[in-house]
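Visitor: Please choose one part of this structure and examine it closely, in a single connected account. I should like the surroundings of that part to be described as well, and then the whole.

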Amino acid sequence: MSLTEFDIIERYFRHPGLAAHPDEHVVLGIGDDAALIRLTAEQELVLSLDVLLPDVHFPPDADPNLIAQRALSVNLSDLAAMGAEPVGFTLGLTLPQVDETWLDAFAKGLRRTAQRYHCGLLGGNLSRGPLSIAIQVQGVVPQGQALLRSGAKAGDIVAVAGMIGGASAGLRVVRNKVTAELSAEEKEALLQAYYQPEPQLAAGILLREYAHAAIDISDGLLADLGHIAEASAVRIEVGQEQVPVSAATQKVLREEGMLDALNGSDDYALAFTLAPAQWPLLQERAKAQGLAVTQIGTIVEGSGCVCIDADGHIVSNSDGYRHF
Ligand code: ADP
Ligand code: MG
């Protein structure tokens, strides 16, 4: 079997001769949603990079305005997963040709997301080549308060901020693969879940006070919870019935079975864990800010991440989107 994405990172890039080691500047290197660099005694810089390619991350004929919004939003989602506040981003763009109609719409989409989340363009690089969009976001977090994948404890509640499965249902709408009857509003909501995911930045900042561990859901709920389980050396048990899935998503995914919602990628919700005693207070504060948080499971001793149905049967192990 060929190497997975994570095997490649471990073997070639997390190499001790290459990877940054924690020192007076580097607080955290490879392995979490973003790296942390010490800025001052009070603040850390938060850095994350994501590359988006046609066919792999968006349909090649998609509206460039939406591609741009999605490209910046998925990067901002990694800042949210660290509890960071956005500062700005850099853009590495390769374009096959100068198409001003395309560029106009792309820049408009970037402006929309940049303004909404107060994350302006700091610089970048432009070259002719196959279409590829690389964005590196920078944010800040108070020293020692970043949310990490490690830190979950047996006895914790597992919860999510945001909804699950909408993006994967939305992609089925994009690909015209939906046979279920959907209203125009339902279709629109699913397309929005795919093209305009909302990075959970406000939730991330709120969670700095409560969460033991957090991750953003890019590769599928169970797979990404698997990363928390591994980094924290615990086992995660998700209740299938507890996972928040919209009515429109359920209609689409019923054809696939619910597991598609649990394994579908690209939701960019936040998954996090916290002590049960903190849960009522967090719920209250989230509600006051208009944020939807839902308990979906618990942390126990052991390893891995499993999903359990209403009858107590294990229905799935973590196995999400794999790039290789
Ligand atoms: P996310 O889904 O949160 O964007 P990834 O799954 O892409 O995170 O990456 C997991 C970890 O591996 C991150 O800490 C990331 O910085 C690191 N990583 C990914 N690709 C590389 C690479 N080519 N070189 C070094 N580190 C990498
Ligand atoms: Mg992430």
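**Helix α7, the loop before it, and the metal site**

Guide: A229 counts as buried, because its relative accessibility is 3% and the limit for that class is under 20%. The model in which this value was computed is a predicted one. A229 belongs to helix α7, which covers residues 221-232. Once neighbours within four places in sequence are set aside, the contacts of A229 are with V234, I236 and G304. A further pairing concerns C305: 76 residues separate A229 from C305 along the chain, yet their C-alpha atoms are separated by 6.6 Å.

Moving back along the chain from helix α7, one comes to G220, which is placed in the loop between β8 and α7. G220 has a relative accessible area of 0% and is therefore buried. Beyond four places in sequence, the residues that G220 touches are L262, N263, G264 and S265. For L262, a distance can be added: the C-alpha atoms of G220 and L262 lie 6.2 Å apart, with the two positions 42 residues apart in sequence numbering.

On the other side of this loop is strand β8, residues 213-216, and D216 lies in that strand. With a relative accessible area of 2%, D216 is buried. The list of residues that D216 touches, again without those up to four places away in sequence, comprises D33, S77, D78, A81, D224, Y268, A269 and L270. By contrast with these contacts, I205 is 11 residues from D216 in sequence and 13 Å from it in space, C-alpha to C-alpha.

Two of the residues touched by D216, namely D33 and D78, lead to the metal site. The magnesium ion (ligand 2) is coordinated through OD atoms of D33, D78 and D216, at 2.0 to 2.1 Å. Along the chain, the spacing of these donors is D-x44-D-x137-D. D78 is in helix α2 (residues 64-82) and D216 in strand β8, so this pair ties together parts of the chain that are 138 residues apart in sequence. D78, like D216, is buried: the relative accessibility of D78 is 9%, and that of D216 is 2%.

Helix α2 also bounds a loop with a backbone feature of its own. D55 lies in the loop between β3 (43-52) and α2, and D55 has a positive phi of about 75° although it is not a glycine. Most residues other than glycine have a negative phi, which is why such a value merits mention. D55 counts as exposed, because its relative accessibility is 61%. A second case is H118, whose phi is also positive, near 50°, in a residue other than glycine. The position of H118 is the loop between α3 (100-116) and β5 (120-128), and with 63% relative accessibility H118 counts as exposed.

The strand that follows H118 contains L121, which is found in β5. Apart from neighbours within four places in sequence, L121 is in contact with F89, T90 and L91. Between L121 and I135, which are 14 residues apart in sequence, the C-alpha to C-alpha distance is 9.8 Å.

These parts may now be set within the whole. The protein has 10 helices and 13 strands. Its radius of gyration is 19 Å, close to the 20 Å given by the globule rule for 324 residues, so the protein is as compact as a globular protein of that length. The C-alpha trace spans about 55 × 55 × 50 Å along its principal axes. Of contacts between residues at least 6 apart in sequence, 82% join residues at least 24 apart; the contact between D216 and D78 is one between parts 138 residues apart in sequence.

Burial and surface complete the account. Buried residues make up 49% of the 324 residues, and A229, G220, D216 and D78 are among them. The protein exposes about 15,400 Å², of which carbon and sulfur atoms supply 52%. As for charge, the protein has 22 positive and 41 negative charges, and the mean positions of the two sets are 3 Å apart.

Methods. Residues are numbered from 1 along each chain as its sequence is written. Chains are lettered from A and ligands numbered from 1 in the order in which they are written. This is a predicted model: local features need pLDDT of at least 70, side-chain atom pairs count only at pLDDT 80 or more; totals for chains, interfaces and linings use all residues. Side-chain values use heavy atoms; hydrogens and water are left out. Donors are N, O and S atoms within 2.8 Å of the metal (3.2 Å for Na, K and Ca); water is not among the atoms, so sites may look incomplete. Helices (H or I, at least four residues) and strands (E, at least two) are DSSP runs, numbered from the N terminus. Buried means under 20% relative accessible area, exposed over 50%, partly exposed in between (1.4 Å probe, protein chains only). The radius of gyration is taken over C-alpha atoms; the globule rule is 2.2 Å times the number of residues to the power 0.38. Contact means heavy atoms within 4.5 Å. Accessible areas come from the Shrake-Rupley method with a 1.4 Å probe; for residues, only the protein chains shown count as cover. Lys and Arg count as positive and Asp and Glu as negative; His and the chain ends are not counted. The place of a charge is taken as NZ of Lys, CZ of Arg, CG of Asp or CD of Glu.
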